Amino acid sequence: MSNQKAPRKTCEKFLDDAFDHLQVDLEMQQLLRSPYREVRFELPLKRDNGSISMFYGYRVQHNQSRGPFKGGLRYHKNVDLEHFVALAEIMTWKTSLLDLPFGGGKGGINCDPTELSSHELETLTKRYVQRVSMLIGPDRDIPAPDMGTGPQEMAWIVDAFSIIKGFNPAVATGKPLELGGAQGRIEATGYGVAILTERAAKAHDIDIVGAKVAIQGVGNVAEYAARTLFSKGAKVVALSDSKCGIYQNKGLEIEEIFNSISEIKKDGGSLRDLKGGHKQLSNEELLELDVDILIPAAIGGVIHEDNVDNILAKLIIEAANMPITCSADSTLNERGAIILPDILANAGGVTVSYLEWVQNRQRYQWHKDKVIEQLEERMGNAWQEVQSRAGKDKLNYRQAAYAIAVERIIKAINLRGF
Ligand code: NAD
């Protein structure tokens, strides 16, 4: 995470554009820029070997004008408050764009979860909940998995919260199915990326059947985006992990590859260890491939001013959060590249989180088909709104998405009053 400082700056530029376009007054700009609440607290942990390690917990709540704060819980050794401020802000725009009744939040702990035992992680997570119990809850702030956390951490949150406030599964989303998790949540973000990729491709005269696609990443989002696009007939020619990438001009056998990757990952291996005679390439080379569609689905800031001139893809789908820096974004737009912004492209996860929260409040579990149908409808509606706003106001998709999101929040703030 070398780009710890980059997200905030990137986001501010996109917000500035929206403020200019909507002619937002300075007081409202200030209100929308600054988070509602930023919290940092000590989290001492007694390790299994008897020593004490000191960690810090964070929760940033950006805006709640349209509903409770919503956003992930990230465990990563390099995170700090500024990082969470940027990510919480993005959640505000994302939930608004998808018209979900939530605001934006984000938080986490500056720990490396791979260096902690399961017992230590459970203790740390439950202590985090003790510290923020007065700030979170089904109608206050609802955490979800993010980097370094998953269904198990959400289950621990439910348990710790229930001791203080009584059992309520709607306190977190992304839970195991046994504790009220939603069918379809695991694949939701990647699946959403794929269905919007297909629609954007169609809108720009790219036939998804046979379209050449390069995907950076082999994690959760990349996997389900790749599997879905492959099933729709796209030629996924390249994939990568943090160490290297693989390439095959005729298209990779995605189903087989992901089945093998899960085995390789169990043994701590990487794509380098994959058999099958694929050509190997670096992450940089993957991004610069001459493909129809590029999907960065790993980390932020990978397309920047030093490599933007070599990016050849016509359509770029931001599956990761903030994969394109602000200056690279301007260059790509000048060149006529089509970019589907993160707050739209990767919103499938928070959309199904919303559906999970709804089910938890009803204490009822829907069939997976219903979840997927709702996901497709909601993402399809958001895409149509962005497309028509872009056409009407002569904006690119990112500008249109921010304009819709910011406008909705300003309306909610004004309706609620000060
Ligand atoms: P993940 O941890 O499952 O996968 C991350 C992937 O990134 C892995 O394949 C890893 O090998 C790769 N990677 C890590 N460091 C890298 C580096 N330096 N260079 C190249 N690749 C690297 O994470 P995920 O859940 O798939 O999330 C991927 C991105 O999507 C993140 O930016 C995340 O914030 C965003 N996102 C995820 C969700 C979700 O529901 N999972 C929702 C919205 C946004």
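Colleague: Which residues in helix 5 are buried?

Modeller: In this model, which is a predicted one, the buried residues of helix 5 are Glu153, Met154, Ala155, Trp156, Ile157, Val158, Ala160, Phe161 and Ser162. The cover over these buried residues includes strand 3 (69-75), helix 4 (118-132) and strand 5 (141-145).

Colleague: Why is Trp156 called buried?

Modeller: The relative accessible area of Trp156 is 8%. The word buried applies under 20%. Since 8% is under that limit, Trp156 is therefore called buried.

Colleague: What is Trp156 in contact with, leaving aside its neighbours within four places in sequence?

Modeller: Trp156, which has its place in helix 5 (residues 151-165), is in contact with Ser118, Leu121, Glu122, Thr125 and Lys126. A contact requires heavy atoms within 4.5 Å. As for Phe230, its C-alpha is 36 Å from that of Trp156, and the two residues are 74 apart in sequence.

Colleague: How do you know that the reach of helix 5 is close to what is expected?

Modeller: The expected span is 1.5 Å times one less than the number of residues. For the 15 residues of helix 5 this gives 21 Å, and the helix reaches 21 Å from its first C-alpha to its last. Just after helix 5 comes Gly166, with a positive phi of about 95°.

Colleague: Why is the span of helix 3 said to agree with 1.5 Å a residue?

Modeller: Helix 3 (residues 81-97) has 17 residues and should span 24 Å; its end C-alpha atoms are 25 Å apart, and the two values are therefore taken to agree.

Colleague: What makes helix 3 mostly covered?

Modeller: Of the 17 residues in helix 3, 15 are buried. Asp99 follows helix 3 and has a positive phi, near 55°.

Colleague: Why does Gln61 count as buried?

Modeller: Gln61 has a relative accessibility of 0%. The limit for buried is under 20%, so Gln61 meets it. Gln61 belongs to strand 2 (residues 52-63).

Colleague: What does the side chain of Gln61 make a polar contact with?

Modeller: The partner is the side chain of Arg37, at 2.7 Å. A polar contact needs a pair of N or O atoms within 3.5 Å, and 2.7 Å satisfies that distance limit. If neighbours within four places in sequence are left aside, the residues in contact with Gln61 include Arg37, Tyr36, Phe69 and Leu135.

Colleague: Why does Ala298 count as partly exposed?

Modeller: The relative accessibility of Ala298 is 35%. Buried means under 20% and exposed means over 50%. A value of 35% lies in between, so Ala298 counts as partly exposed. Ala298 lies in the loop between strand 10 (293-296) and strand 11 (315-317). Apart from neighbours within four places in sequence, Ala298 is in contact with Gln216, Gly217 and Ala320.

Colleague: Why does Ala337 count as buried?

Modeller: Ala337 has 13% relative accessibility. As 13% is under 20%, the word buried therefore applies to Ala337. Ala337 sits in the loop between helix 10 (326-335) and strand 12 (338-340). Not counting residues up to four places away in sequence, Ala337 touches Ala313, Lys314 and Leu332.

Colleague: Why does Asn360 count as buried?

Modeller: At 4% relative accessibility, Asn360 is under the limit of 20% and so counts as buried. Asn360 is placed in helix 12 (residues 348-362). Beyond its neighbours within four places in sequence, Asn360 is in contact with Pro169, Ala170, Ala172, Lys175 and Gly180.

Colleague: How many residues surround the ligand, and which are the closest?

Modeller: The ligand is surrounded by 19 residues, the closest being Thr189, Val218, Gly219, Asn220 and Val221. By class, this shell has seven nonpolar, nine polar and three charged residues.

Colleague: How far from an oxygen atom of the ligand does a backbone N or O atom of Val218 lie?

Modeller: For Val218 the distance is 2.8 Å. For a backbone N or O atom of Val221 the distance to an oxygen atom of the ligand is 2.9 Å. A polar backbone atom of Ser242 is 3.1 Å from an oxygen atom of the ligand. On its own the ligand has 830 Å² of accessible area, of which the protein covers 72%. Helix 6 (185-203) and helix 7 (220-231) are the elements that give two or more residues to the shell around the ligand.

Key. Residues numbered from 1 in each chain as written. Predicted model: local features only at pLDDT ≥ 70, side-chain atom pairs only at ≥ 80, totals over all residues. Heavy atoms only, no water. Helix = DSSP H or I, 4+ residues; strand = E, 2+ residues; numbered from the N terminus. Buried < 20%, exposed > 50% of the residue type's maximum accessible area, 1.4 Å probe, protein only. Near = heavy atom within 4 Å. Polar contact = N/O pair within 3.5 Å; in protein donor to acceptor, adjacent residues only side chain to side chain. Areas by Shrake-Rupley, 256 points an atom, 1.4 Å probe, with all protein chains shown as cover. Nonpolar A, V, L, I, M, F, W, Y, C, P; charged D, E, K, R; others polar.
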